[in-house]
Amino acid sequence: MIATLLFVLFAVLLIIGVPVAIALGVSGVVAIIFNNLDTHWFGLMSVPQSFYAGLSKYPLLAIPMFILLGTIFERSGVALRIVNFATALIGRGPGMLPLICVCVAMFMGGISGSGPASAAAVGGVMIAAMTRAGYIPSFSASVVAAGAATDILIPPSVAFIIYAILVPQASVPDLFVAGIIPGILAGIGIIIPAIYLSRKYKMGQLETEISRPPLWDSFLKAFWGLMAPVVILGGMRLGWFTPTEAAVVAVFYGLFVGMVIYRSISLKDLLGILRDSAELSAVILFIVTISGIFAWALSTLSIIDPITNAVVNSGLGEYGVLAFIIVLLIIFGMFLDGISIFLIFIPLLLPIANHFEWDLVWFGIILTMMVAIGQFTPPLAVNLMVSCRIAKVPIESTIRWVLWLVLGMLIVLLLLVIFPDLVTALPHYFNKN
């Protein structure tokens, strides 16, 4: 009865428009009260303890740092310089700008690890360029949103950090390494239909009339931005610093590039950058913290074991259960952000993964891929909302294009399920050396 109250109240609060964090906290507190009506303070003394336990985790320090890094590079003009270099490298022609857009979005994911931030940075440069070249604005918005969705798969990824906190058996370095091949495959899964659609509907015919930037000059201008992932991932691989320390080093590197090399960030701009990053970090960490109350309610009400037993004994089998989880999380991914999905569902799904003895690093990548697909699947896709705002088109106008890109990502997801070595091979290789 109380377990039903927990989920029903949470669902009702979401439906009426209550923010996810508040819905998690209120439903968790109400469930704790009803479960402890005969105890002192109705069990509410566990609430501040759960609140603190949700926040007092060392890896969480990396989140505000990577968000700050993404904001710094967004404001410093790195995206524009990388776009020019990619254009010089790849060339002009029908379908080439979507290819460049996805590649740049993937690269920006190696800096910020945030889909909406990458959609804003890349969309601000690419949507206008694609429109001038003859691409339909709704198509451009779709490509930007889908390309930015790969960012949570390509290290560094905020989603991987959250998953590693919830699943201690999967370390952040292993997740970062494991996300490289799936992230690249996801990009390819978007690029192929994007080029196909461009040529089928004869978009981008004006591309050949736009001059191609000089290769060497554009490379020199983009060099410092291109080195950012090398500093972050190379330093971790060489053991110079942990992922959390890498985030701090990367922030100072970004400030050096923006304020000293490119000189596109002034001290006055820095205050605004710190403010915007602090606001976004506070939102994410508040959700993480409040979710501790919801998780405490799940554990004290003994909800997880019955749900696990019901799913395991449903008769669907291992792959049937996995298919059910994929469909469920893609649907929720349309309405909730990835962090909220992880915090709500991982405590419920982890016992199922342990029962079937799934590799937890592989499982984390699969979950993240589902969230990535949800980020650009209407009606409430967060990346698509950002790119549509920049393109000044309604979300419903993108559906005819987005469905092709979703299909490409689903094919990649199927490959990761059929061939788990695509995920686990790199972590196993690096752990041996």
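Is D276 buried, partly exposed or exposed? In this predicted model, D276 has a relative accessibility of 27% and therefore counts as partly exposed, since the partly exposed class runs between 20% and 50%. The paragraphs below set this residue beside the chain as a whole, its salt bridges, its helices and its surface.

The secondary structure of the protein chain comes to 22 helices and zero strands. Of the 433 residues in the chain, 55% are buried, and the chain exposes about 18500 Å², of which carbon and sulfur atoms supply 71%. Among contacts between residues at least 6 apart in sequence, 80% join residues that are at least 24 apart. An example of two positions separated along the chain is given by V288 and F342, which are 54 residues apart in sequence, while their C-alpha atoms are 9.7 Å apart in space. V288 belongs to helix α15, which covers residues 267-300, and this valine counts as buried because its relative accessibility is 6%.

A search of the whole structure finds two salt bridges. Side chains of opposite charge can pair when their charged atoms come close. One of the salt bridges joins R275 to D276, with the closest N and O atoms 3.9 Å apart; R275, like D276, falls in the partly exposed class, with a relative accessible area of 46% for R275 and 27% for D276. The other joins K221 to D217, and here the closest N and O atoms are 3.4 Å apart. K221 and D217 both lie in helix α12, which covers residues 215-226, and they are separated by four residues, about one turn of the helix. K221 is partly exposed, at 47% relative accessibility, and D217 is partly exposed as well, at 36%.

Helix α8, which covers residues 137-149, contains S138, and S140 lies in this helix too. S138 is buried, since its relative accessible area is 8%, and S140 is also buried, with a relative accessible area of 0%. The partners of the two serines can be listed separately. When neighbours within four places in sequence are left aside, S138 is in contact with V393, S397, T398 and W401, whereas S140, treated in the same way, is in contact with I127, M130 and Y135. For S138 and W401, the side chains also make a polar contact, at 3.0 Å.

Helix α14 allows a simple check of helix geometry. This helix has 19 residues, from 243 to 261, and at 1.5 Å a residue it should span 27 Å; its end C-alpha atoms are 25 Å apart, so the expected span and the distance in the model agree. Buried residues in α14 include P243, T244, A246, A247 and A250, and also V251, Y253, G254, L255, V257 and G258. Just after α14, R263 takes a positive phi of about 55°.

Positive phi values are also found in two loops. K202 has a positive phi of about 55° although it is not a glycine, and its place is in the loop between α11, residues 180-200, and α12. With a relative accessibility of 61%, K202 counts as exposed. E357, likewise a residue other than glycine, has a positive phi near 55°, and its place is in the loop between α18, residues 338-355, and α19, residues 360-374. E357 is exposed, with a relative accessible area of 69%.

On the surface, a nonpolar patch of about 770 Å² is made by Y196, W404, L407, I411, L414, L415, I418 and F419. The largest share of this patch, six residues, comes from helix α21, which covers residues 399-418. L415 is found in helix α21, and this leucine counts as partly exposed because its relative accessibility is 35%, a value that also satisfies the requirement of over 30% relative accessible area for residues in a patch.

Notes:
Residues are numbered from 1 along each chain as its sequence is written. This is a predicted model: local features need pLDDT of at least 70, side-chain atom pairs count only at pLDDT 80 or more; totals for chains, interfaces and linings use all residues. Side-chain values use heavy atoms; hydrogens and water are left out. Buried means under 20% relative accessible area, exposed over 50%, partly exposed in between (1.4 Å probe, protein chains only). A polar contact is a pair of N or O atoms within 3.5 Å; within protein, one must be able to donate a hydrogen and the other to accept it, and residues adjacent in sequence count only if both atoms are side-chain atoms. Contact means heavy atoms within 4.5 Å. Accessible areas come from the Shrake-Rupley method with a 1.4 Å probe; for residues, only the protein chains shown count as cover. Patches are made of residues with over 30% relative accessible area and no salt bridge: like charges are joined within 9 Å, nonpolar side chains (Val, Leu, Ile, Met, Phe, Trp, Tyr) within 5 Å. A salt bridge is a side-chain nitrogen of Lys or Arg within 4 Å of a carboxyl oxygen of Asp or Glu. The expected span of a helix is 1.5 Å times one less than its number of residues.
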